[in-house]
Every structure is written in C-alpha cells, then in structure tokens.
Amino acid sequence: MSFETLSENRSFGGTQGVYRHRSQVTGTDMTFAVFLPQMAHYGRVPVLWYLSGLTCTHENAMTKAAAQQWCDEAGIAIVFPDTSPRGDNVADDEAYDLGKGAGFYVNATQDPWKPNYQMWDYIVHELPELLTESFAIDPEAMGITGHSMGGHGALTIAMTHPEQYRSVSAFAPIANPSESDWGRKQLTAYLGDDPDAWHAHDSTLLMRERGYPGEVLIDQGSSDQFLDLLKPEALAHAMMERRQPGQFRMQAGFDHSYFFVQSLMGEHVEWHAERLV
C-alpha cells in the first residue's frame, strides 16, 4: 500500500509526519499523522494509537494533546487517525455528532453510511497493516487510547481484540452509549434499531461480559460538561462488578477539553510505555 507525505517536521528528537492514502476499506482518501521518536532510527518501536473525539480530525490531538515529548522520551510512536471518512460523495448529517467527524469507530451496516463508514476495520486492520509495512513500528507492541468518542473506540476495540493491544487507556470515554443520547442516535443510524447490534460498541456492556486481560486506565474530569452523556458511573460500576484490574480516576476540576487531555497525557504515555517497551 502506498501513501503520500503531506508534511514532516522535527519534533523534539523525532519526526511528526502527516500522510494521506487511498483506503480500500472506506473507499476514500484518508489522512493520518504519525510521530516517530528518535529511537525509530535504530529499529522498530512500540506504537500507541490515539483515537480522537467528535468533530476532530487527525490534527486536533497532534497539535493539542502534548504527546510528542512524552513519546519521544519513552521511545514509542503515536498515531493520530481521522475520526471518519471524508469527501464530497461521503454521507453526512447537519448535526455535529453524526456523519463526518463522528464515525464512532464502527462498521456501518445501514445506508447511506455503509459504503464508507467502516472505521472499525480501518483502525483495527487496514491502517495498522500500512504502518507496519511503511514505518519502523512493532506490530507486536501496540497500545490504544482515546478521548471521548475516541475513548469509546479505544475501550471497545481493546476488549474485542486484546491479543492485538497490550495496553489500553481512555480520557473521558463515552462509556455507555446504549443508554446515552451520545450513542443511541448514532448506533441506530449506523447499525440499525436492534440494540443487540450495539452491544459490541458499548464498553460498559463489554466490561461486564469479558473485561480486559490486563489493567485498564481511565481518567474522567469531575467538571466535565458532558457527564450526563458520557455516563462514566456505568463503566466504573461494571469494572467493580467484574473486579477488573486497573484504575478509574475522577480528576477534580477538569472539564472535557484538550487542557484535560494534555494535563494527563504524560501519565498515560508512561502507563503504556511500561506495558509496551
């Protein structure tokens, strides 16, 4: 698989690049960003996948999450994919929480979304294959994290494919979308109105059913303006019921913004590095 280099910039001891390729999975051009630490000059390095939230592109976390310094020091790469397919012929919606920028990391089964909105397969299969072929990353040492909608994606993907992801964390994830307005609307649109079809994309339900074989780290701001939509208490209760190893931390005074993410990014990178390096 080939890709186009849009930009590459020195960042700390490594390189922050932005690239574009033609996705066979989504049927569109997709843009993604990769930070490679200095250690990548000497061989393959572990990689952390960062899934972004509603309305974001690859660029938001790349420029706002303050991850590069921490990743360079830890010797791990970090990947920032886009949140949805894009293009003139891609289905969209006037609302910010459905359509472009709001792929929810699912494989859509319903029209008009089905032809392009195959974000689960894109994140889990196609993009990792491209990166393994083209960059000095180790496919046997992958972790995954994300914020909000991306936290939802990170948790559901990791619990479904624990053999592929050796570590998982999340920032303010949409924790129980089957019971939230940030979920029921989108899961109905993408997957149909049968709640059984939503099960694989609800981290609270997956936690109750299977959990994760390693430890899980979740941070949630106590002053998050979207707490009623995120439903963190449902996931916290599920973790306790399952006795899932890990930490669910309510962080005093933080809201839902990237100020929250960047304030805790160093701790999350360290968490993943301990399990990947």
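**Exercise 1. Cysteine sulfurs**

Determine how far the sulfur of Cys-71 is from the closest cysteine sulfur, and state what follows for a bond.

*Solution.*
Step 1. In this predicted model, the cysteine sulfur closest to that of Cys-71 belongs to Cys-56, at 17 Å.
Step 2. A disulfide requires two cysteine sulfur atoms within 2.5 Å. The separation of 17 Å is therefore too far for a bond.
Step 3. The count for the structure comes to zero disulfides. Cys-56 is accordingly in no disulfide, its nearest cysteine sulfur being that of Cys-71.
Step 4. The surroundings of the two residues can then be classified with the cut-off for burial, under 20% relative accessible area. Cys-56 has 7% relative accessibility and so counts as buried. Cys-71, at 0%, also counts as buried.

**Exercise 2. The pairing partners of strand β4**

Establish which strands pair with β4, and in what sense they run.

*Solution.*
Step 1. Strand β4 spans residues 45–51, and seven of its seven residues are buried.
Step 2. With strand β6 (residues 137–146), β4 is joined by six bridges, and the two run parallel. Within this pairing, Trp-49 has Ile-144 as its bridge partner.
Step 3. With β5, strand β4 shares three bridges, again in the parallel sense. Here the bridge partner of Trp-49 is Val-79.
Step 4. The contacts of Trp-49 may now be listed, setting aside neighbours within four places in sequence. Among them are both bridge partners, Val-79 and Ile-144, together with Ile-123, Leu-127, Pro-128 and Leu-131. The list also includes Pro-81, Met-142 and Tyr-165.

**Exercise 3. Strand β3 and its two neighbours**

Describe how β3 pairs with β2 and with β5.

*Solution.*
Step 1. Strand β3 covers residues 29–36; seven of its eight residues are buried.
Step 2. Strand β2 (residues 14–22) pairs with β3 in the antiparallel sense over eight bridges. One facing pair places Val-18 opposite Ala-33 of β3.
Step 3. The two strands make a hairpin with six residues between them, and in the turn Gly-27 has a positive phi of about 70 degrees.
Step 4. Strand β5 (residues 77–80) also pairs with β3 in the antiparallel sense, over three bridges. In this case Phe-35 stands opposite Ile-78 of β5.

**Exercise 4. The largest nonpolar core**

State how many residues the largest nonpolar core has, and which helix gives the most to it.

*Solution.*
Step 1. The core has 83 residues.
Step 2. The residues with the most contacts inside the core are Phe-32, Trp-49, Tyr-50, Leu-131, Ile-144 and Tyr-190.
Step 3. The most is given by helix α3 (residues 119–134), with eight residues.

**Exercise 5. Aromatic pairs around Tyr-190**

Classify the aromatic pairs that Tyr-190 forms with Trp-113 and with Tyr-117, and identify the parts of the chain that they tie together.

*Solution.*
Step 1. The whole structure contains eleven aromatic pairs.
Step 2. Trp-113 and Tyr-190 have ring centres 5.5 Å apart and planes at 85 degrees, which is an edge-to-face arrangement. Trp-113 lies in the loop between β5 and α3, whereas Tyr-190 belongs to helix α5 (residues 181–191), so this pair ties together parts that are 77 residues apart in sequence.
Step 3. Trp-113 is buried, at 6% relative accessibility, and Tyr-190 is buried at 0%.
Step 4. Tyr-117 and Tyr-190 are instead stacked, at 5.6 Å centre to centre with 25 degrees between the planes. Tyr-117 lies in the loop between β5 and α3, so its pair with Tyr-190 in α5 ties together parts 73 residues apart in sequence. Tyr-117 is buried as well, at 1% relative accessibility.
Step 5. Elsewhere, one aromatic cluster consists of Phe-3, Tyr-19, Phe-32 and Phe-135.

**Exercise 6. The surroundings of Val-216**

Locate Val-216, and decide whether it is buried or exposed.

*Solution.*
Step 1. Val-216 is in strand β8, which covers residues 216–221.
Step 2. Its relative accessible area is 1%, so Val-216 is buried.
Step 3. Val-216 and Pro-245 are 29 residues apart along the chain, yet their C-alpha atoms are separated by 6.5 Å.
Step 4. Beyond neighbours within four places in sequence, the contacts of Val-216 include Leu-155, Val-168, Met-239, Pro-245 and Trp-271.
Step 5. Trp-271 in turn has Arg-275 over its face, at 3.6 Å from the ring centre.

Definitions and conventions. Residues are numbered from 1 along each chain as its sequence is written. This is a predicted model: local features need pLDDT of at least 70, side-chain atom pairs count only at pLDDT 80 or more; totals for chains, interfaces and linings use all residues. Side-chain values use heavy atoms; hydrogens and water are left out. A nonpolar core is a set of buried Ala, Val, Leu, Ile, Met, Phe, Trp, Tyr and Cys residues joined through side-chain atoms within 4.5 Å. Buried means under 20% relative accessible area, exposed over 50%, partly exposed in between (1.4 Å probe, protein chains only). Helices (H or I, at least four residues) and strands (E, at least two) are DSSP runs, numbered from the N terminus. Contact means heavy atoms within 4.5 Å. Two strands pair if DSSP finds at least two bridges between them. Rings of Phe, Tyr and Trp (its six-membered ring) pair if their centres lie within 6.5 Å; planes under 30 degrees apart count as stacked, over 60 as edge-to-face and the rest as tilted. A charge sits over a ring if NZ of Lys or CZ of Arg is within 6 Å of the ring centre and within 35 degrees of the ring normal.
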